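Please open the structure in your viewer and keep the selection panel at hand. The tour below proceeds stop by stop, with a selection to make at each.

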Amino acid sequence: MSSAVTPSQLIDRFGRQINYVRLSVTDRCDFRCVYCMAEDMTFLPRNQILSLEQLYDVGKAFVDLGVTKIRLTGGEPLIRNNVLSLVERLGALEGLKELHLTTNGAQLDKYAPALKAAGLTGINISVDSLQADKFRQLTRTGDLNRVLRGIDAAIDAGFSRIKLNAVILRGRNDDEVLDLVEFARHKCVDISFIEEMPLGLIDEHSRALSFCSSDELREIIDERYPLGNSHENTGGPSDYYRMVDSSIRVGFISPHSHNFCHLCNRVRVTVEGRLLLCLGNEHSADLKEVLDAYPGDSERLQHTIRQAMAIKPERHHFELNDDEPQIVRFMNMTGG
Ligand code: SAM
Ligand code: SF4
């Protein structure tokens with residue numbers, strides 16, 4: 001530990017400080033995106049998931065350990081009953097600087113103002129296509145117009161940080177990269193392109209064949225809108241670029257092509273209460289066991305979290321040479 005480290009900080013054995021937690025509030029979803037889930041999914045029984053009280057206890061324990069950013073995710077976080085009450089309680093935690101949400105946007109026209117009032121500071125909204133039929137194919141159940149209304153509702157609610165996320169699959173939506181950038185420019189919101197990751201076994205498409213690298217996408221965009229590296233460190237895996245004639249940033253999240261593990265500042269907690277130390281590895285600690293056995297014992301919870309830092313892996317290894325996922329859990333279970 002360096003002398004700058006206080007006892008309440010989370011540092012792993014590679015000297016990385018963990019100040020960001022992604023908390024999955026449900027594994028359920030109203031969409032079935034082809035890269036994220038199988039069509040026919042079995043979700044966790046309710047008695048296996050953390051209660052809202054327990055999710056709050058986890059968030060608070062992390063903030064007490066020096067975490068300054070929490071992202072609520074899932075599954076689709078906005079379909080969890082009463083999730084607003086959790087946002088409100090977490091939003092009031094002293095020491096928490098950023099409380100963000102990743103959503104498919106379908107419920108945002110209903111919830112955006114209340115989320116803002118409850119203390120949410122930023123939203124990522126996933127949108128992979130701007131063509132209703134293609135959007136439906138990629139999400140299997142999604143209604144593009146609802147999501148577009150949700151994006152507008154988030155903008156109207158006045159969030160300072162709104163980012164669109166798009167996963168691009170070859171032969172599916174790779175012809176929409178420029179349309180998506182133009183849409184983001186028009187709405188004045190950032191956009192990130194995410195390389196598809198081999199999480200969970202799917203048979204809808206071959207992940208190896210559908211893979212589009214960030215470098216490829218960047219070239220397409222750069223030809224139309226020359227991109228200058230923004231050299232901004234947002235503490236995340238996105239590599240951001242700016243265009244001369246727009247205030248928005250274009251990000252690329254490249255778990256395959258550009259390894260960012262040495263900068264990793266985050267851990268994830270699944271809705272089953274499993275503390276996942278790395279997106280691409282199974283190393284984990286069971287927080288639910290502690291929460292169930294010792295309700296309200298924050299010291300014990302913090303101790304378990306601190307201990308888990310010793311097993312955070314150095315890096316992930318995603319290979320594209322076959323379609324057998326190295327990680328069998330789906331992204332909705334992981335908390336994307
Ligand atoms: N339901 C919300 C949503 O779609 O934004 C939050 C959860 S979702 C799992 C979070 C993000 O993970 C989304 O932007 C989604 O596109 C992305 N995602 C899901 N499965 C993925 C995969 N296999 N590879 C890369 N990104 C994935
Ligand atoms: Fe649901 Fe998000 Fe996964 Fe799509 S990416 S199926 S919206 S959890």
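Which residues come nearest to ligand 1? Select the ligand together with its surroundings in this predicted model: of the 19 residues around ligand 1, the nearest are Tyr35, Gly75, Thr103, Ser126 and Met197.

**Stop 1: the ligand and its shell**

Keep ligand 1 selected and display its polar contacts. A nitrogen atom of the ligand lies 2.8 Å from a backbone N or O atom of Met197. Next, select Glu76, where a side-chain N or O atom is 3.2 Å from a nitrogen atom of ligand 1. At Thr103 the partner is again on the protein backbone: a polar backbone atom there is 3.2 Å from an oxygen atom of the ligand. On its own, ligand 1 has 540 Å² of accessible area, and the protein covers 96% of it.

Now colour the shell by residue class. The residues around ligand 1 comprise 6 nonpolar, 9 polar and 4 charged. Highlight strand 3 and strand 5 (161-167) as well, since each of these strands supplies at least two residues of the shell.

**Stop 2: His100 in strand 3**

Stay with strand 3, which spans residues 98-103, and select His100 within it. Is His100 buried or exposed? His100 counts as buried because its relative accessibility is 2%, below the 20% cut-off. Its side chain forms a polar contact of 3.5 Å with the side chain of Thr121. Expand the selection to the contacts of His100: leaving aside residues up to four places away in sequence, they are Lys69, Ile70, Arg71, Leu72, Leu120, Thr121, Gly122 and Arg161.

**Stop 3: Arg170, after strand 5**

Move to the loop between strand 5 and helix 6 (177-187) and select Arg170. With a relative accessible area of 36%, Arg170 is partly exposed. Add Cys212 to the selection: the two residues are 42 apart in sequence, yet their C-alpha atoms are 5.9 Å apart in space. Beyond four places away in sequence, Arg170 touches Leu209, Ser210, Phe211, Cys212 and Glu216. For Phe211 there is also a polar contact to display, as the side chain of Arg170 reaches the backbone oxygen of Phe211 at 3.2 Å.

**Stop 4: backbone angles in two loops**

Which residue in the loop between strand 2 (69-73) and helix 2 (83-91) should be selected next? Select Asn82, which is found in that loop. Asn82 is not a glycine, but has a positive phi of about 65 degrees. Its relative accessible area is 53%, so Asn82 is exposed.

Then go to the loop between helix 6 and strand 6 (190-194) and select Cys188. Cys188 likewise is not a glycine and has a positive phi, here of about 60 degrees. At 55% relative accessibility, Cys188 counts as exposed.

**Stop 5: helix 1**

Finish by selecting residues 52-64, which form helix 1. How many residues does helix 1 have, and how far does it reach? Helix 1 has 13 residues and extends 18 Å from first C-alpha to last, close to the 18 Å expected at 1.5 Å a residue. Show the side chains and colour the buried positions, namely Leu52, Gln54, Leu55, Tyr56, Val58, Gly59, Ala61, Phe62 and Val63. The last selection is Gly66, just after helix 1, which takes a positive phi of about 95 degrees.

Conventions. Residues numbered from 1 in each chain as written. Chains lettered and ligands numbered in written order. Predicted model: local features only at pLDDT ≥ 70, side-chain atom pairs only at ≥ 80, totals over all residues. Heavy atoms only, no water. Helix = DSSP H or I, 4+ residues; strand = E, 2+ residues; numbered from the N terminus. Buried < 20%, exposed > 50% of the residue type's maximum accessible area, 1.4 Å probe, protein only. Polar contact = N/O pair within 3.5 Å; in protein donor to acceptor, adjacent residues only side chain to side chain. Contact = heavy atoms within 4.5 Å. Near = heavy atom within 4 Å. Areas by Shrake-Rupley, 256 points an atom, 1.4 Å probe, with all protein chains shown as cover. Nonpolar A, V, L, I, M, F, W, Y, C, P; charged D, E, K, R; others polar. Expected span 1.5 Å × (residues − 1).
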